[in-house]
Amino acid sequence: MSTLSPASADAFGLLREDLYIHLEEADCLATQDGEWSDDDMQTARGLISDLVLALRGLLAEHRLQPTGNCQICTLVWPCPVVTTIHAIVKDPERQFVAILRARSDD
Ligand SMILES: [Zn+2]
């Protein structure tokens with residue numbers, strides 16, 4: 001098992017921090033006080049699509065192989081990535097379930 005060099009560890013840390021900053025900005029839009037402007041609503045609509053795209057991409061990458069393992073993690077499927085996505089998407093306290101329930105009631 002190789003160990004990261006200090007320079008690589010720093011670079012990976014900066015990359016992770018940069019990604020978290022982007023996610024934090026998206027989260028701030030949802031939790032900001034006050035009314036949303038038209039621009040806020042347009043941004044939120046785009047963000048929903050972008051976030052769903054990210055989740056779909058992760059699920060597509062972490063798919064089940066005939067061996068019974070994840071294609072990426074090589075762990076027994078469902079791997080931790082799929083398990084985390086499943087827990088969030090299927091949580092009845094979250095909006096993924098609520099929106100599906102509302103649509104089926106129409
Ligand atoms: Zn995986």
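Trainee: Is Tyr-20 buried or exposed here?
Mentor: Tyr-20 counts as exposed, because its relative accessibility is 54%, and the cut-off for that label is over 50%. Keep in mind while we talk that this is a predicted model.

Trainee: Where does Tyr-20 sit in the fold?
Mentor: Tyr-20 belongs to helix α1, which covers residues 6–31.

Trainee: Which residues make a nonpolar surface patch with Tyr-20?
Mentor: Leu-23 and Leu-51 join Tyr-20 in a nonpolar surface patch of about 320 Å².

Trainee: Since it's a prediction, what is the mean pLDDT of the chain?
Mentor: The chain has a mean pLDDT of 94, and 99% of its residues reach 70 or more.

Trainee: And where is confidence lowest, and where highest?
Mentor: Confidence in the chain is lowest in helix α4, residues 95–105, where the mean is 89, whereas helix α3, residues 80–89, has the highest value, at 97.

Trainee: Let's turn to the metal. Which atoms coordinate the zinc ion?
Mentor: The zinc ion is held by ND1 of His-62 together with the SG atoms of Cys-70, Cys-73 and Cys-79, at 2.1 to 2.3 Å. Along the chain, these donors follow the spacing H-x7-C-x2-C-x5-C.

Trainee: Why is the arrangement around the zinc ion tetrahedral?
Mentor: The arrangement is tetrahedral because the four donor atoms subtend angles of 95 to 119 degrees around the zinc ion, and four donors earn that label if all angles lie between 85 and 135 degrees.

Trainee: What about His-62, buried or exposed?
Mentor: His-62 is buried, since its relative accessible area is 7%. Cys-70, another of the zinc donors, is also buried, with a relative accessible area of 2%.

Trainee: Now the loop between α2 and α3. Which peptide bond is cis?
Mentor: The peptide bond running from Trp-77 to Pro-78 is cis, and its omega is near 5 degrees. Pro-78 lies in the loop between α2, residues 38–61, and α3, and Trp-77 is found in that loop as well.

Trainee: How accessible is Trp-77, and which label does it get?
Mentor: Trp-77 counts as partly exposed, because its relative accessibility is 32%. As for its surroundings, the C-alpha atoms of Trp-77 and Gln-65 are 8.2 Å apart in space, and the two residues are 12 residues apart in sequence.

Trainee: Which residue other than glycine has a positive phi?
Mentor: Thr-74 has a positive phi, near 65 degrees, and is a residue other than glycine. Thr-74 is also in the loop between α2 and α3, and it counts as exposed because its relative accessibility is 54%.

Trainee: Changing topic, how many salt bridges does the count come to?
Mentor: The count comes to one salt bridge, and it is formed by the side chains of Arg-94 and Asp-91, with an N to O distance of 3.5 Å.

Trainee: Are those partners buried or exposed, or something in between?
Mentor: Arg-94 is partly exposed, given its relative accessible area of 41%, and Asp-91 counts as partly exposed too, at 22% relative accessibility. The range for that label runs between 20% and 50%.

Trainee: Back to helix α4, then. What is the exposure of Gln-95?
Mentor: Gln-95, which is found in helix α4, is exposed because its relative accessible area is 61%. The C-alpha atoms of Gln-95 and Asn-69 are separated by 30 Å, with their positions 26 residues apart along the chain being the sequence separation.

Trainee: And in helix α3, what can you say about Thr-84?
Mentor: Thr-84 is found in helix α3 and is partly exposed, with a relative accessible area of 45%. Its C-alpha atom is separated by 26 Å from that of Leu-4, and the two residues are 80 residues apart along the chain.

Key
Residues are numbered from 1 along each chain as its sequence is written. Side-chain values use heavy atoms; hydrogens and water are left out. Patches are made of residues with over 30% relative accessible area and no salt bridge: like charges are joined within 9 Å, nonpolar side chains (Val, Leu, Ile, Met, Phe, Trp, Tyr) within 5 Å. Accessible areas come from the Shrake-Rupley method with a 1.4 Å probe; for residues, only the protein chains shown count as cover. A salt bridge is a side-chain nitrogen of Lys or Arg within 4 Å of a carboxyl oxygen of Asp or Glu. Helices (H or I, at least four residues) and strands (E, at least two) are DSSP runs, numbered from the N terminus. Buried means under 20% relative accessible area, exposed over 50%, partly exposed in between (1.4 Å probe, protein chains only). pLDDT is the predictor's confidence in each residue, from 0 to 100. Donors are N, O and S atoms within 2.8 Å of the metal (3.2 Å for Na, K and Ca); water is not among the atoms, so sites may look incomplete. Four donors count as tetrahedral if all angles lie between 85 and 135 degrees; four count as square planar and six as octahedral if opposite donors are over 155 degrees apart and all others between 65 and 115; anything else is irregular.
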